[in-house]
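Please open the model in a viewer and keep the sequence panel visible. The tour below proceeds by selection, one region at a time.

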Amino acid sequence: MSYVDEVLELVKEKNASEPLFIQAVTEVFESLKPVIEANEELYRKEAILERITEPERQIMFRVPWVDDKGQVQVNRGFRVQFNSAIGPYKGGLRLDASVNLGMLKFLGFEQVFKNSLTTLPMGGGKGGSDFNPKGKSDREIMAFCQSFMTELYRHIGADTDVPAGDLGTGGREIGYMFGQYKRLRNVYEGVLTGKGLTFGGSLARTEATGYGLLYFTKEMLACNGIDIAGKTAVVSGSGNVAIYAIQKATQMGAKVIACSDRNGWVLDEEGIDYKILKEIKEVKRTSLAEYVNYRPNAKYTAKEAGDKMDHGVWTVKADIALPCGRENTIDLEDAKNLVANGVIAVAEGANMPTNLEATKYFQANGVLFAPGKASNAGGVATSGLEMSQNSERLSWTFEEVDEKLKNIMISIFHAADDAAKKYGMEGNYVAGANIAGFEKVATAMLAQGVC
């Protein structure tokens, strides 16, 4: 049995109750086989694969807070500090009822390679809580965030671990957490990213993940002789990433004709209006069903009980698919629908929204496929730029940040493209991204000894 297969079996045995983590490790290890085989003796002796799949630290704690009725509530908080070989831990804080340790290990593992690809000095981590901010008052959210940070502050810092926002954690939540950190530590430092512009935040951070997705997608298409202008696209999700992906795609001359939320999906053959989407989702914070009140020619379809998340979006005929929602929302059936409808490119704007079967189907059918750890890296890249601005006590213009983001995303594509070509897998951007991310981290781990 090869070293890769040995460690994969070990990971499955030790983490049997964590399918998302196992899925992420399996995808990466399948890509890394030629790299590991070329250096197997060294990597085995130094236990690189065992070390890179075991978090450096896992922190779990209770989060008690008082709701508006005076009732004490208790949630569970987490921080998984996965790997710090190339910089302080960096990764978001997810607030959602589905959060558990296995999910955060999957996200933290992916973050290690994603951060490596940005070329910025950031390690990988992830955290959050099973607290759901939806339907909570501002006071309740503040109470939770302050309690959450009252424990988390012991484990983070500008040169140790720099959390950011993620699903359920926006500017409001980051602001409350930052205020509590400052209060507890009596220091003003860039310990969180995604902050408000008046207290250390970066221009273009809000747009970064969606914009970065399109910068990557445009470069991938261009390097394969395809112009994004004039193409049609479908997007899953209608949150931050989806909104700004739609905006940038529209600016590039593409037409996004469908998007979704957890309750259903909307088809607008004239092109989704991202301004209306922002009004519905960021101002009114309501259902996508409201879209047809603004655009009567659009059609909204509610998700019925038992329907798969985002399934309807993937039945629409389009050139490009941009999954920007949750993990594993494109399965083999969805992939077959997309290929049958003529999709030429799939670029992930979320963390692993395509399962392994669907990914392989896309690749086998000649679809250009961009994995989230590469195409979704715009958010963390701009978080890294926010860290730089905080360290220098500077604030860059929107144009400066956007230009740096664009260059980073283009460089990520070429790093993945070059790595795939180097190991005889031209066009396999999944393998290329995994290899390019891994080689940098592994080299740093080897240089630092057994730690």
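**Helix H8 and its surroundings**

Begin by selecting Thr209, which lies in helix H8; helices (H or I, at least four residues) and strands (E, at least two) are DSSP runs, numbered from the N terminus. The model is a predicted one, in which local features need pLDDT of at least 70 and side-chain atom pairs count only at pLDDT 80 or more, while totals for chains, interfaces and linings use all residues. Residues are numbered from 1 along each chain as its sequence is written, and side-chain values use heavy atoms, with hydrogens and water left out.

Thr209 counts as buried because its relative accessibility is 9%; buried means under 20% relative accessible area, exposed over 50%, and partly exposed in between (1.4 Å probe, protein chains only). Add Val380 to the selection: the C-alpha atoms of Thr209 and Val380 are separated by 7.8 Å, although the two residues are 171 apart along the chain.

Now extend the selection to the whole of H8. Of its 15 residues, 13 are buried, and the helix is mostly covered. The end C-alpha atoms of H8 are 21 Å apart, which agrees with the 21 Å that its 15 residues should span at 1.5 Å a residue; the expected span is 1.5 Å times one less than the number of residues.

Step back to Ala204, in the loop between helix H7 (171-185) and H8. Its phi is near 75°, a positive value in a residue other than glycine. Is Ala204 buried or exposed? With a relative accessible area of 6%, Ala204 is buried.

**Aromatic pairs**

Next, display the rings of Phe, Tyr and Trp (for Trp, the six-membered ring), which pair if their centres lie within 6.5 Å; planes under 30 degrees apart count as stacked, over 60 as edge-to-face and the rest as tilted. By this rule there are 16 aromatic pairs. One of them joins Phe61 and Phe148, a tilted pair with 5.5 Å between centres and 40° between the planes. Phe61 belongs to strand S1 (residues 57-66) and Phe148 to helix H6 (residues 138-152), so this pair ties together parts 87 residues apart in sequence. Phe61 counts as buried at 8% relative accessibility, and Phe148 counts as buried at 0%.

Return to H8 for another pair: Tyr211 and Tyr244 are arranged edge-to-face, 6.3 Å centre to centre and with 70° between the planes. Tyr211 is in helix H8 (residues 208-222) and Tyr244 in helix H9 (residues 240-251), and the pair links these distant parts of the chain, 33 residues apart. Tyr211 is buried, at 6% relative accessible area, as is Tyr244, at 4%.

Then select Phe61, Trp65, Phe131, Phe144 and Phe148 together, since these residues form one aromatic cluster. At Phe131, show Lys136 as well: the charged end of Lys136 sits over the ring of Phe131, 5.1 Å from its centre. A charge sits over a ring if NZ of Lys or CZ of Arg is within 6 Å of the ring centre and within 35 degrees of the ring normal. For another such contact, select Lys404, whose charged end sits over the ring of Trp396, 4.8 Å from its centre.

**The loop after H10 and helix H11**

Move to Arg285, in the loop between helix H10 (274-283) and helix H11 (291-294). Phi of Arg285 is near 50°, a positive value in a residue other than glycine. Arg285 counts as exposed, at 61% relative accessibility.

Tyr291 is in helix H11 and is buried, with a relative accessible area of 0%. Select Leu277 with Tyr291: the two are 14 residues apart in sequence and 7.2 Å apart in space, C-alpha to C-alpha.

**Empty space**

Finish with the cavity search, made on a 1 Å grid over the protein atoms alone, where a cavity is a set of points where a 1.4 Å probe fits but cannot get out, and lining residues have an atom within 4 Å of a point. How many cavities of 30 Å³ or more does a search of the whole structure find? The search finds 1. The largest cavity has a volume of about 50 Å³, a volume being the space filled by probe spheres set on the points, with grid points joined across faces, edges and corners. To locate the largest cavity, select its lining residues, among them Glu27, Glu110, Glu348 and Lys373.

Terms used:
1 Å grid on protein atoms, 1.4 Å probe; cavity = no way out; pocket = protein on both sides within 12 Å on 5 of 7 lines; lining within 4 Å.
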